[in-house]
Amino acid sequence: SLPELRKTLQLQRKIMEAHVNVMLQLINPNNTSYVEVPSLESLKKQITNNQSQSNGSNNKWITLEALSSAKSMSHRNFMSALMMQNKNVRDAHVKMAMQQLELMENYERIAIEHNWTFTPMATYKEQMETYHAFKQ
């Protein structure tokens, strides 16, 4: 199994656990203190180097699914931040969105390094037709 994939998955788990705790604090009506999202650095320090054995046959699909999940969570947190009126809640959502973005970028890097991505290429003619359609 890829060590960088395992490390990123462990980080994603720590981030999600932290985000759940932050959200619980934010919705607690008895909480009157500012709620801080833990930094990525503090969460990275909690990751262990537990290396269980795996044949790695699903690494591609795990990476691509985790990438999609991180992208979706980043988008949702950012969109939520835009709708929040409370500054603490808005700031927490922005920070959570940025953390998910960093995870997404890690998964993208892993996918690119292992040629697990595919971007269909348009012909020059197709690109020009699209360009002219939007230019009008």
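Helix α4 has 27 residues, and at 1.5 Å a residue it should span 39 Å. Its end C-alpha atoms lie 39 Å apart, so the expected span and the model agree. The model is a predicted one. Helix α4 covers residues 87–113.

Start at the N-terminal end of α4. Asparagine 86 caps it. A side-chain oxygen of asparagine 86 sits 2.9 Å from the backbone nitrogen of asparagine 88. Now go to the other end. Just after α4, asparagine 115 adopts a positive phi of about 55°.

Charged pairs come next. The structure contains 7 salt bridges. One of them joins the side chains of lysine 87 and aspartate 91, with 2.9 Å from N to O. Both residues belong to α4 and are 4 residues apart, about one turn of the helix. How exposed is each partner, lysine 87 and aspartate 91? Lysine 87 has a relative accessible area of 52%, over the 50% cut-off, so it counts as exposed. Aspartate 91 is at 28%, between the 20% and 50% limits, and is therefore partly exposed.

A further salt bridge in α4 pairs glutamate 113 with arginine 109. Their closest N and O atoms are 3.4 Å apart, within the 4 Å limit for a salt bridge. Glutamate 113 and arginine 109 are 4 residues apart in α4, so about one helical turn separates them. Glutamate 113 is partly exposed at 48% relative accessibility. Arginine 109 is partly exposed too, at 37%.

Helix α1, residues 3–27, carries a pair of this kind as well. Glutamate 17 forms a salt bridge with arginine 13, and the closest N and O atoms are 3.1 Å apart. Glutamate 17 and arginine 13 are 4 residues apart, about one turn of α1. Arginine 13 is exposed, with a relative accessible area of 60%. Glutamate 17 is partly exposed at 34%.

Salt bridges also form a network. Which residues does this network link? They are Glu41, Lys44 and Glu102.

Now consider how α1 and α4 are arranged. Two packed helices are described by the angle between their axes and the distance between the axes. The axes of α1 and α4 come within 11 Å and cross at roughly 170°. That angle makes α1 roughly antiparallel to α4, because angles over 145 degrees count as roughly antiparallel. The crossing of α1 and α4 is left-handed.

One residue of α1 deserves a separate look: glutamine 12. Is glutamine 12 buried or exposed? Its relative accessibility is 9%, under the 20% cut-off, so glutamine 12 counts as buried. The side chain of glutamine 12 makes a polar contact with the side chain of tyrosine 107, at 2.6 Å.

Glutamine 12 also leads to helix α3, residues 59–83, where serine 69 is placed. What separates serine 69 and glutamine 12 in sequence and in space? They are 57 residues apart in sequence, and their C-alpha atoms are 10.0 Å apart in space. Serine 69 is partly exposed, with a relative accessible area of 32%. Glutamine 12, by contrast, is buried.

Terms used:
Residues are numbered from 1 along each chain as its sequence is written. This is a predicted model: local features need pLDDT of at least 70, side-chain atom pairs count only at pLDDT 80 or more; totals for chains, interfaces and linings use all residues. Side-chain values use heavy atoms; hydrogens and water are left out. Helices (H or I, at least four residues) and strands (E, at least two) are DSSP runs, numbered from the N terminus. Buried means under 20% relative accessible area, exposed over 50%, partly exposed in between (1.4 Å probe, protein chains only). The expected span of a helix is 1.5 Å times one less than its number of residues. A polar contact is a pair of N or O atoms within 3.5 Å; within protein, one must be able to donate a hydrogen and the other to accept it, and residues adjacent in sequence count only if both atoms are side-chain atoms. Axes are lines fitted to C-alpha atoms, for helices over the stretch in contact, and angles run from 0 to 180 degrees between N-to-C directions. Angles under 35 degrees count as roughly parallel, over 145 as roughly antiparallel, 65 to 115 as roughly perpendicular and the rest as oblique. A crossing is left-handed if the near helix is turned anticlockwise from the far one by less than a right angle, and right-handed if clockwise.
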